[in-house]
Amino acid sequence: MAESEFSGVVALDGPSGTGKSTVARRLATRLGARYLDTGAMYRAATVAALRKGVDLGDGVAITTVVEAARIEISTDPDNVSITLDGVPVDAEIRSAETTAAVSAVSAVPAVRALLVDAQRELIGDGGIVVEGRDIGSVVWPTARPKVYLTASPEARARRRAGELGGDVATVAADIARRDDLDSSRVASPLTQTADAVELDTTDLGIDEVVDRLVELAVAAS
C-alpha cells in the first residue's frame, strides 16, 4: 500500500509488553504512514514533573509544570525522537524512575486534556498509526481500524524485562501495578472499545502481528 492510498487513522491500544511500539512503527512503515507514540508524550511530561521535584500526588502542581513544558515529538517511524524544552529525552523517558512515576502523572485529568489536544493536532488529516491506551476510546474514536493488543502476563513481563533489563518477577509486579492504575483512573482509563479488534500477541512473532495489522488497515481503508 503506497502512502497516497492510506489516509486514515489506525488506533493501537493496549497495556505495556504487548509489542505495541515495535509493531506500530513497522506497520506505519509498511503503510507509508506517519507514527505517533502517545505514551512517549506522557513520559516526557513525567520527566518534566520529576525535574521540578513536584509532589506526584499534587495534580495542580503537575499540571502547572506540564503546561509550561514544550514537548515535541516526531511522527517519522524511521526517525522516532522526542524533546522536552528543545532537549532530546529519548533515553530519559525510558528510565526506571520515569516508568515508576508515569501512571501518576498520566492520571491527572488536566494533563490528559492537554496532551490529548496536542495528539489530535498531530493526527490532523490522518495517514497515521497511533499507539497508546485511549486512542480508540478518547483521542480518535473514529479511527479505523481500532486494534486492542493483548498478551499473557508472563509474555509481557519477559518482553519488558528483555527491553529494559531486570528481573522478570520484578517487572511482572510493576506491570500489574501499572495495569491497575491505568485501568482504574478516572480520566481516559485503559479500556477496550466494543468496536476494537482484539489481537493476542502471546504466541505471534512481530512479522505475524504486522501482517495481520496490514490486513486490517487495508480492509478498513
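1. Gly32 follows helix α1 and has a positive phi, near 70°. The model in which this is seen is a predicted one. Most residues other than glycine have a negative phi. The residue after α1 is a glycine, so the general tendency for other residue types does not bear on it.

2. Helix α1 itself takes in residues 20-31, twelve in number. From its first C-alpha to its last the helix reaches 16 Å, close to the 16 Å expected at 1.5 Å a residue. The buried residues of α1 are Lys20, Val23, Ala24, Leu27, Ala28 and Leu31. Viewed down the axis of α1, these buried residues fall within an arc of 135°, so they line one face of the helix.

3. What do the buried residues of α1 pack against? The strands are β1 (9-13), β2 (34-37), β6 (128-132) and β7 (146-150), and helix α9 (206-220) is a further partner.

4. The sheet that α1 meets is open and has five strands, in the order β2-β6-β1-β7-β8, with parallel pairing. Its edge strands are β2 and β8 (197-200), each of which pairs on one side only. From one strand to the next the twist averages 20°. Helix α1 packs on this sheet, touching β1, β2, β6 and β7, and its direction makes about 175° with that of β6.

5. Strand β1 deserves a separate entry. Five of its five residues are buried. Val9, Ala11 and Asp13 lie on one side of the strand, Val10 and Leu12 on the other, and both faces are covered. Asp13 is thus listed among the buried residues of β1.

6. On the pairing of β1: the strand runs parallel to β6, with five bridges between them, and parallel to β7, with three bridges. Asp13 has Gly132 as its bridge partner in β6, and in β7 Asp13 stands opposite Tyr148. Strands of a sheet pair through backbone hydrogen bonds, either parallel or antiparallel.

7. Further along the sheet, β7 and β8 are joined by four bridges, again in the parallel sense. Leu149 has Leu199 as its bridge partner in β8. Strand β8 is one of the two edge strands.

8. A second helix to check against the sheet is α2 (residues 38-52). This helix lies across β2 and β6, and runs at about 40° to β2. For comparison, the direction of α1 makes about 175° with that of β6.

9. Helix α8 (residues 168-184) has 17 residues, which at 1.5 Å a residue should span 24 Å; the C-alpha atoms at its ends are 24 Å apart, which agrees. Which residues of α8 are buried? They are Val171, Ile175, Arg178, Asp179 and Asp182. These residues cover an arc of only 110° around the axis, which puts them on the same side of α8. The face turned away from that buried side carries the exposed residues Ala169, Thr170, Asp180 and Ser184. The buried set includes Arg178, Asp179 and Asp182, and a reader may wish to look at these side chains in the model.

10. Two backbone features should be noted. The peptide bond from Arg144 to Pro145 is cis, with omega near 0°; Pro145 is in the loop between α6 (135-139) and β7. Asp85 has a positive phi of about 55° although it is not a glycine. Most residues other than glycine have a negative phi, and most peptide bonds are trans.

11. Where is Asp85 placed, and is its side buried or exposed? Asp85 is in the loop between β4 (82-84) and β5 (87-88). At 44% relative accessibility, Asp85 counts as partly exposed, because the partly exposed class lies between 20% and 50%.

12. Overall figures for the chain follow. Its secondary structure comes to nine helices and eight strands. With 221 residues, a compact globule would have a radius of gyration near 17 Å, and the chain has 17 Å, which agrees. The C-alpha atoms fill a box of roughly 45 × 40 × 30 Å along the principal axes. Of the 221 residues, 48% count as buried. Among contacts between residues at least 6 apart in sequence, 75% join residues at least 24 apart.

Definitions and conventions:
Residues numbered from 1 in each chain as written. Predicted model: local features only at pLDDT ≥ 70, side-chain atom pairs only at ≥ 80, totals over all residues. Heavy atoms only, no water. Expected span 1.5 Å × (residues − 1). Buried < 20%, exposed > 50% of the residue type's maximum accessible area, 1.4 Å probe, protein only. Arc of directions from axis to C-beta. Contact = heavy atoms within 4.5 Å. Pairing = 2+ DSSP bridges. Axes fitted to C-alpha atoms, helices over the stretch in contact; angles between N-to-C directions. Rg over C-alpha atoms; globule rule 2.2 N^0.38 Å.
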